[in-house]
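Student: I'm new to this structure and would like a close look at one part of it. Could you take me through a sheet and then the charged pairs around the chains?

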2 protein chains.
Amino acid sequence: MQKIDVKISNALNKIGQNAVSDMLPEVLAAKEHLLKGDAAGNDFLGWVDLPENIDGSMLASLKADVARLAAKSRLMVVIGIGGSYLGARMVIEALQSEFAAMDRSEKPYIVYAGHTLSEDYYAQLLKVLDHEDYTVTVISKSGTTTEPAVAFRIVKAHLVNKYGADEASKRIVAITDARRGALHEIAVQEGYPMYVIPDNVGGRFSVLTPVGLLPIAMAGYDIDKLIAGARDMRNICVNGNTLEDNPALMYAAVRNALYRSGVKVEMMVSCIPNLRYLAEWWKQLYGESEGKEHKGLLPHSISITTDLHSMGQYVQDGERLMMETMVRVEKPHATVPVPTDEQNLDGINYLVGKSLTEINDCAANGTIEAHVSGGVPVVEITVPTLDEYTVGQLIYFFEFACGVSGYTLGVNPFDQPGVEAYKKNMFRLLGKPGF
Amino acid sequence: MQKIDVKISNALNKIGQNAVSDMLPEVLAAKEHLLKGDAAGNDFLGWVDLPENIDGSMLASLKADVARLAAKSRLMVVIGIGGSYLGARMVIEALQSEFAAMDRSEKPYIVYAGHTLSEDYYAQLLKVLDHEDYTVTVISKSGTTTEPAVAFRIVKAHLVNKYGADEASKRIVAITDARRGALHEIAVQEGYPMYVIPDNVGGRFSVLTPVGLLPIAMAGYDIDKLIAGARDMRNICVNGNTLEDNPALMYAAVRNALYRSGVKVEMMVSCIPNLRYLAEWWKQLYGESEGKEHKGLLPHSISITTDLHSMGQYVQDGERLMMETMVRVEKPHATVPVPTDEQNLDGINYLVGKSLTEINDCAANGTIEAHVSGGVPVVEITVPTLDEYTVGQLIYFFEFACGVSGYTLGVNPFDQPGVEAYKKNMFRLLGKPGF
């Protein structure tokens, strides 16, 4: 097994190596809090041992349900918001073709709902569902969160209208609380297969529970390999006690050292488009875990070389606020040669014989050099390739580093008190009884 | 005509009304620079009068080419990077279904290339092109920019292989320099229809040139209405001399006043998913125009309510760095009722009878209230609906406000010196002759 590489040599333009090395006692103490469960938020540490604790009979049942549903349909609507869809979407978009919606021949396709209240979005979705054979997974701990509750009513009504109540119930899976809550109750009444969101795993850490595993399996990806990647990375994160041996400690150390030096924004830089939702998942993981008490790095993201032609100017020469965390993938899945051209009017014959990945790597290295000289520290996170196993590694790596980083920052990384603020106002404005 | 509404009453929690009103002389002076062309970057002011200057015979020819190409195919590959694709993509994604890739019955569909060097992306694209009838638009001023040049070689080779050289030449349109450059020369040799990127319009201001108009027309949208919206907004922006009469002056004034008060990040908050690429286009427009000399608001974006469940915690309680610019749309295109449920286990029967748009509006208002009380100023930009006309208004509004804002900030809003930095390094690393 190759571990994820975290390289900080290009992140030392604002701080010295010592500023990072000196973090070791703090990140080790934070790691101990995660392992001993003796600090704030310790009732939400179920994710720490999750890769070792996944119930085999649950997995077998989940795979059987997925096989049954995939035999019925090539399209699944996944209803969920925040941590109830970002993990699955991150894995699926990392692994599927950017044109998966157009080329439906290979694998079932996932569409998302319950993450928006846009009326047009639901009208557009229902139009698609009119002429597709589809199934539904609804994901909500309580079953009363406004967005997924509204979406589930809308989609369920369409499903019942299309297939009748009996068949509709056979096309729905619920992922919810083990014992209580509105969705649990509906699922019991209607006889939906049910999978459990554990009480001690928060939404943003839930991708290795059925919340992520069921949609990922439905999309045709190997969840055993995903879990194996997470399990192997857990061993490294739990057992490594130096920055060099433990990439999660290194990442937590360098980003906290940079934050203390005055950096306010962390920009995840994806080197390939398939990592767009890795950045979205990471934004929730870090923004929601650390953005409290007026602290924390603001998560931002760009994709290169795409956004070098839009945000590149700002990164190079704008306000000096930021660090970058570049996610690199060494080997692509496919080979596309640059065709030669006798006339060479565009002047790019010098690229013929190089792979696109090699050209992209040179662009990334040139970007790092330019941004470092512009005063932007760059952390590099490299995986050998992008598959279920390495994505599983990335998941656990970022989760563990997040727990370590949040404790090092001095916050409870496992609550999210600020998320309620808009909801209370919304309920009052909507005239919800009791608000 | 209803003008775009810019509301700043929720942006005055960090600064007083006077801090905005006092900006009037400065934004008026900046506006005069745009109209007189007497300040830095004045060789790139072609966009100011563009909505009045679009050549009717060019438009007629463009529409004829689009009709010819649409008759051949239902898919167009648009090759371009930065300003050579973001404007078209912004308009198309604002107007098309979020599921347009899956429902190809109504309009031709656009896919993008030349904006990435990802090897897997091109492998995935070529796989789609194997079984689609397609056409190509290639957009590049010089024809030598690495990403689109590489993409054009790859796609052209596929096209020639699929249709033969003669038919391939009939399926390509070039948008490039009027007189010179590699792409101009290739187009002359091969007999591609050619449209001009004017010398005095920079990439990020080019959506109302053929760069944007051709792909937008190909996607089935009414470019006359788009231009009419821009033209009407131009009248307002050019003639309005108070903050109340001129939304572009108001927006430029409030964001500069907030920047001077210490705000470092401007987050565009889209209230519906279709505006995702409005935010991407806006990031280039403002980031590339203002992010220089270590100045400028860092552009960021979220979509609500989606990202209230990921970035909401940070916005509410993280570092106090930011303002928000919320883009609101009053009327949806469709109606989707919330179904009633006798048991009401999910507790949302109180929403039955309200439209989803009303619920979404209450969520937006609740969000504003929460963020304002958390110390985040919120500017609201509202359009009555989202169609070609209002999108045309938004384009000109944001462009004019950007020119005013950049001059007010004290930078040349029309250059982008920092974009070259990574390219020089990349060329050296790739062994390009001369580097």
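Tutor: Here is a walk through one sheet in chain A, followed by the salt bridges and a few buried side chains. Keep in mind that this is a predicted model.

Let's start with the sheet. Chain A has an open sheet of five strands, and going across you meet them in the order E1-E10-E9-E7-E8, with mixed pairing. At the edges stand E1 (5–7) and E8 (298–303) of chain A; each has a single partner strand, so one side of each has no neighbour in the sheet. On average, neighbouring strands here are turned by 20° against each other, ignoring direction.

Now zoom in on E9 and E10. Strand E9 (residues 322–329) and strand E10 (residues 378–383) of chain A run parallel as a pair, joined over six bridges. One residue to find is A:Arg328, whose bridge partner in E10(A) is A:Thr382. Packed on the sheet is helix H15 (residues 356–373) of chain A, which touches both E9 and E10 of chain A, and its direction makes about 165° with that of E9(A).

On to the charges. As a general point, side chains of opposite charge can pair when their charged atoms come close. Over all chains, the whole structure has 64 salt bridges. A good one to look up is A:Glu288 with A:Arg204, where the closest N and O atoms are 3.0 Å apart. A:Glu288 sits in helix H13 (residues 276–290) of chain A, while A:Arg204 is in the loop between strand E6 (194–196) and helix H10 (210–218) of that chain, so this pair ties together parts 84 residues apart in sequence. Both A:Glu288 and A:Arg204 are buried.

Chain B offers another example: B:Lys156 and B:Glu190 form a salt bridge, with 3.4 Å between the closest N and O atoms. Here the pair ties helix H7 (residues 146–163) of chain B, home of B:Lys156, to helix H9 (residues 182–190) of chain B, home of B:Glu190, and the two parts are 34 residues apart in sequence. B:Lys156 is buried, at 18% relative accessible area, whereas B:Glu190 is partly exposed at 30%.

Then there is B:Asp199 with B:Arg179, a salt bridge at 2.8 Å from N to O. It links two loops of chain B that are distant in the chain: B:Asp199 lies between strand E6 (194–196) and helix H10 (210–218), and B:Arg179 between strand E5 (172–176) and H9, 20 residues apart. B:Asp199 is partly exposed, with a relative accessible area of 42%.

Back in chain A, A:Arg328 turns up again: salt bridges with shared partners join A:Lys7, A:Arg328, A:Asp361 and A:Glu380 into one network.

Next, have a look at B:Arg234, in helix H11 (residues 223–239) of chain B. This arginine is buried, with 13% relative accessible area. Leaving out residues up to four places away in sequence, B:Arg234 touches B:Val48, B:Asp49, B:Pro51, B:Glu52, B:Asn239 and B:Tyr396.

Last come the cysteines. A disulfide is a covalent bond between the sulfur atoms of two cysteines. The count here is zero disulfides over all chains. Take B:Cys271: the closest cysteine sulfur, in B:Cys362, is 12 Å from its own sulfur, and that is too far for a bond. B:Cys271 is buried at 7% relative accessibility, and B:Cys362 is buried too, at 13%.

Conventions:
Residues numbered from 1 in each chain as written. Chains lettered and ligands numbered in written order. Predicted model: local features only at pLDDT ≥ 70, side-chain atom pairs only at ≥ 80, totals over all residues. Heavy atoms only, no water. Disulfide = S-S within 2.5 Å. Buried < 20%, exposed > 50% of the residue type's maximum accessible area, 1.4 Å probe, protein only. Helix = DSSP H or I, 4+ residues; strand = E, 2+ residues; numbered from the N terminus. Contact = heavy atoms within 4.5 Å. Pairing = 2+ DSSP bridges. Axes fitted to C-alpha atoms, helices over the stretch in contact; angles between N-to-C directions. Salt bridge = Lys/Arg side-chain N within 4 Å of Asp/Glu carboxyl O.
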